[in-house]
Amino acid sequence: MLVLGIETSCDETAVALYSARQGLLGHRLYSQVETHSEYGGVVPEIASRDHLRKLLPLIQELLDAAGARAVGGIAYTAGPGLIGALLVGAAVARSMAWAWDIPAVAVHHMEGHLLAPLLEPDPPEFPFAALLVSGGHTLLVEVRGIGRYRVLGESLDDAAGEAFDKTAKLLGLGYPGGPALAQLAEAGDAGRFRFPRPMTDRPGLDFSFSGLKTHALNTLASLAGTPQDKADIACAFQEAVIDTLALKCRRALRETGLGRLVVAGGVSANQSMRKKLSALAATEGCRVYFPRPEFCTDNGAMIAFAGCHRLLAGQSEPPTIDGRARWPMETLTAA
Ligand code: KG4
Ligand code: ZN
């Protein structure tokens, strides 16, 4: 089974070829970040138009580089995401599948992220606990197999990546702010401010990150706002987010008794977080798994991989084109 994966849920146009036997054969990504940065965030209509412009040439480039091969199925991100952007990927995937007379399968974007660490050498076995930290979602999930998910906790307001982006914006950093904030935090004095660790003083595995952004705003307003002030705020904010995530991961591992922790989604590219969670796993006697940095953020490989497993399980979609702006992960069926 050779699967073409298509990802267009937000501001990256990404494609990949995954072979069930040979693994990942190639991937391509076009990022719209520069286009959206002048607006300070993703403009949905511009995103859709850019996907429309870039997707087919990117697929052509990928297939040309891979040589003549018969694609056996097409996997596309059907949601959650920006509905117009999703529909571009869905329309292209369904049309190509119809033209080639091969199956197409809808992939859940967060299942793609969740399975991305399985593309690495020495992948985790099931079951495991997964921390998914992206721009749109923060989820702790008990994973028993593909499609066998139990959501243990989630963010009640801003997702972790969203909190990074919003705090970065108020510190005067560009979009997307996560990587820029992480870089600024390196110059910060970790001892100067201590931000709260939201919802850690009560039981449960849910998160709330919107208060940290307000805390950063109030702290900044009480100071002169020098570059050092901003670096110290970035450092305190990042520490608070990472500490909170680590504490909930420890709680999830202890409550479930699982010995493996998978961390994925855009924020899992954060080096301080990787260090903190690796240290946590070591003290808990667990193993931790991350995707390679380029597969933390949106990519086509994770969609091709997830779709390949679903296609091998005989799943495919009827020839309708849809996208789901919202799609609860627990409604997925087992593969
Ligand atoms: O998974 P992703 O590419 O897209 C969504 O599915 O949302 O995640 C993007 C998010 C953005 O909020 C971005 O700022 C954040 O991941 N991010 C980071 C880092 N790299 C990306 N946040 C903190 N530190 C990073 N190094
Ligand atoms: Zn994503």
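## A zinc site and a five-stranded sheet

The protein donors of the zinc ion (ligand 2) are His 109 (NE2), His 113 (NE2) and Asp 298 (OD), which lie 2.0 to 2.1 Å from the ion. The model is a predicted one, and the points below begin with this metal site before turning to the sheet and to helix α10.

**The zinc site**

- The site of the zinc ion (ligand 2) is tetrahedral, with angles of 96 to 129° among its four donor atoms; for comparison, the ideal angle for four tetrahedral donors is 109.5 degrees.
- Along the chain, the donors of the zinc ion (ligand 2) follow the spacing H-x3-H-x184-D.
- His 113 belongs to helix α4 (residues 109-115), while Asp 298 sits in the loop between β10 (287-289) and α10, so this pair ties together parts that are 185 residues apart in sequence.
- His 113 has a relative accessible area of 1% and is buried, and Asp 298, with a relative accessible area of 13%, is also buried because it falls under the 20% cut-off.

**The sheet**

- Five strands form an open sheet with mixed pairing, and their order is β3-β2-β1-β4-β5.
- Strands β3 (23-31) and β5 (104-108) stand at the edges and have a single partner strand each, so one side of each is left without a neighbour in the sheet.
- On average, and with direction ignored, neighbouring strands of this sheet are turned by 20° against each other.
- Strand β1 (residues 2-7) pairs with strand β4 (residues 73-79) in the parallel sense over four bridges, and Leu 4 stands opposite Ile 74 in β4.
- Helix α3 (residues 83-100) packs on the sheet, where it touches β1, β4 and β5, and its direction makes about 160° with that of β4.
- Helix α10 (residues 301-312) also packs on the sheet, touching β1, β2 (12-19), β3, β4 and β5, and its direction makes about 130° with that of β1.

**Helix α10**

- Helix α10 has 12 residues and reaches 16 Å from its first C-alpha to its last, which is close to the 16 Å expected at 1.5 Å a residue.
- In α10, 10 of the 12 residues are buried, so the helix is largely enclosed by the rest of the structure.
- Among the buried residues of α10 are Met 302, Ile 303, Phe 305, Cys 308, Arg 310 and Leu 311, and the buried residues of this helix pack against β1, β2, β3, β4, β5 and α4.
- Just after α10, Gly 314 takes a positive phi of about 85°.

Note on methods:
Residues numbered from 1 in each chain as written. Chains lettered and ligands numbered in written order. Predicted model: local features only at pLDDT ≥ 70, side-chain atom pairs only at ≥ 80, totals over all residues. Heavy atoms only, no water. Pairing = 2+ DSSP bridges. Helix = DSSP H or I, 4+ residues; strand = E, 2+ residues; numbered from the N terminus. Axes fitted to C-alpha atoms, helices over the stretch in contact; angles between N-to-C directions. Contact = heavy atoms within 4.5 Å. Donors = N, O, S within 2.8 Å, 3.2 Å for Na, K, Ca; no water. Tetrahedral: all angles 85-135°; square planar, octahedral: opposite > 155°, others 65-115°. Buried < 20%, exposed > 50% of the residue type's maximum accessible area, 1.4 Å probe, protein only. Expected span 1.5 Å × (residues − 1).
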